[in-house]
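User: I am a first-year student and would like a close look at a single part of this protein. Could you take me carefully through the place where the two domains meet?

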Amino acid sequence: MKLKQRVVLLAILLVIFIFTKVFLIDNLDTSAANREDQRTFQRMLSGLRVALDPRLEHTLQSPWEIAAQWVVPREVYPEDTPELGAVMHAMTTKKIIKADVGYKGTQLKALLILEGGQKVVFKPKRYARDYIVEGEPYAGYDRHNAEVAAFHLDRILGFRRAPLVVGRFVNLRTEIKPVATEQLLGTFMTVGNNTCFYGKCYYCRETEPACADGDIMEGSVTLWLPDVWPLQKHRHPWGRTYREGKLARWEYDESYCDAVKKTSPYDSGPRLLDIIDTAIFDYLIGNADRHHYESFQDDEGASMLILLDNAKSFGNPALDERSILAPLYQCCIIRVSTWNRLNYLKNGVLKSALKTAMSHDPISPVLSDPHLDALDQRLLSILATVKQCTDQFGPDVVLVEDRMTLSHL
C-alpha cells in the first residue's frame, strides 16, 4: 500500500475513533442521567402512600418546625420526607385556635391558626365530586379537592413546588365559631339545617355561601409557607386577558416566545423552564387560571415558580384546554428530567400513582374516575406535543439538561 493511501486510511480510522468515542461518552452520560431519573422515579413510587401518622420518629421538633426547615429556594419539601405523614396528620387534626377571613383574592377561603401557631388556608367544599363545571375552563368556584389532588400530582411529577395540602373535616359550630374573628363571624348564617358562611373576597356574596352538612364542613387545608420566605408576585407571561373579544399577545403572535426569551427573568436561569413545567402541570389538572404566579422575593430569577392556588382545576374531565400548553408548544423546550418523568407515567401509571397517593387522605376519594382517566389522556397529548417539537427542531434543541447554565438569547 502506498504511503499516501496509508495516510488517508489512518485519517479515516482516526475520525471514526473520535466520533465513536464521543458517541459512547455522550450515551454513557445520558444513560447515567436516565438511570438516576429512573431510580428517583422508583423511590417516588415506593413512598407515594402517605399514612397520616402522628409519630415523629426522626426528630424531637414539632411538625411545623420540620416543614419550615424543608423549604429551600428550589423546593418546598425534599424528595425524602419520612415525616410527611406526621406533618399532614397535624394539619388535619391539630386544634384550631383562631379563624379569620382569608387573605386577598377572588375566592372564598378562611385563614386558620392551628395549635402551635401554624397558619393554614381552609377552602370549603362547594361541589360534589361528579359535578361538571360548564363554561370557560376557569369558570366556577374553587374546588377544595383540586388542591389536594394537585399537591399529590406535584409529588408524582417530582417538582416539589406546591405547599402541602390535606383534606379536613371541621365542625363550624364547635371548632370555628368560638375562635372566629368578628369579621368572619359576621358572615355566618343558617340555611335550612346547615351552618354556612360566605367570608370576605372579591366574589364573596351573602347569596352564595358555602354550607356544611349540618355543622360538619369538608374542605382542604394548605400549609402556609414560612414567613422567612416572603413571596413576590409576577404576572404570568402567558396570562389571559379575561375580556371577551380581547386576546393576549401569545394568543395570536406565533413568535411570542422569542420575545419572552429576551425579557428578564426568562432570558437566563431556570424560570422559563419552570413556566413550561407549570404549563404541563396545569394542563394535566385543567387549570387555565394561572394569570399570576409567585416566587420567593429578591431571587433574581433563581428560585422556583411556586405552585400556589390550584383550586380552579378538575372542573370538567371532558374539556382539554390545549391553550394551557402554549408555553410548551411555542417555546419547544422541556427539561430532560420532566420529559423522562412524563414517559415513566404513561400507560396508566399516572392514574394509578395519583389514586394511590390520595388514598389515605381524610376526604378520599378525592377525584372521580373520569378525572383520573382524563389525566392519562392529557398526558398522551403532552407527549405528542413534545414529539412534534423534536421532529421539527431535533431533541438536542428541545430537551434541555436541568443543571446547565441556561441562556435563551
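Analyst: What follows is a walk through the contact between the two domains, ending with the charged residues found there.

The model is a predicted one, and the domain assignment of the protein gives domain 1 as residues 71–223 and domain 2 as residues 231–400. Their C-alpha centres lie 24 Å apart, and the contact between them takes 48 residues from domain 1 and 48 residues from domain 2. Putting these domains together buries an area of about 3700 Å², and carbon and sulfur atoms give 65% of that area. On the side of domain 1, the residues that lose the most area to domain 2 are Tyr138, Ile156 and Arg161, which together make up 19% of what that side buries.

Polar and charged pairs also cross between the domains. There are 17 residue pairs in polar contact between domain 1 and domain 2, counting pairs in which both residues have pLDDT 80 or more. The elements of domain 1 that give two or more residues to the side touching domain 2 are helix α4 (144–157) and the strands β4 (165–171) and β8 (216–223), and α4 gives the most, with 13 residues. Sorted by class, this side of domain 1 has 24 nonpolar, 10 polar and 14 charged residues.

Salt bridges deserve a separate look. The structure holds 22 of them, and four salt bridges are counted between domain 1 and domain 2. Arginine 161, already named for the area it loses to domain 2, forms a salt bridge with aspartate 274, where the closest N and O atoms are 3.8 Å apart. The side chain of arginine 161 also meets that of aspartate 277 in a salt bridge, with a distance of 3.0 Å from N to O. Because aspartate 277 lies in helix α8 (residues 271–285) while arginine 161 lies in the loop between α4 and β4, this pair ties together parts that are 116 residues apart in sequence. Are these two residues, aspartate 277 and arginine 161, buried or exposed? Both aspartate 277 and arginine 161 are buried, and for each of them this term stands for a relative accessible area under 20%.

These pairs can also be viewed as part of a wider set, since Arg74, Arg161, Asp274, Asp277 and Arg335 are linked in a network of salt bridges. To follow this part in the structure, one can begin at Arg161, go on to its partners Asp274 and Asp277, and then look for Arg74 and Arg335, which belong to the network as well.

How values were computed: Residues are numbered from 1 along each chain as its sequence is written. This is a predicted model: local features need pLDDT of at least 70, side-chain atom pairs count only at pLDDT 80 or more; totals for chains, interfaces and linings use all residues. Side-chain values use heavy atoms; hydrogens and water are left out. Domain bounds come from an automatic or database domain assignment. Contact means heavy atoms within 4.5 Å. Buried area is the accessible area (1.4 Å probe) that two parts lose on being put together, summed over both. A polar contact is a pair of N or O atoms within 3.5 Å; within protein, one must be able to donate a hydrogen and the other to accept it, and residues adjacent in sequence count only if both atoms are side-chain atoms. Helices (H or I, at least four residues) and strands (E, at least two) are DSSP runs, numbered from the N terminus. Ala, Val, Leu, Ile, Met, Phe, Trp, Tyr, Cys and Pro count as nonpolar, Asp, Glu, Lys and Arg as charged, and the others, Gly among them, as polar. Buried means under 20% relative accessible area, exposed over 50%, partly exposed in between (1.4 Å probe, protein chains only).
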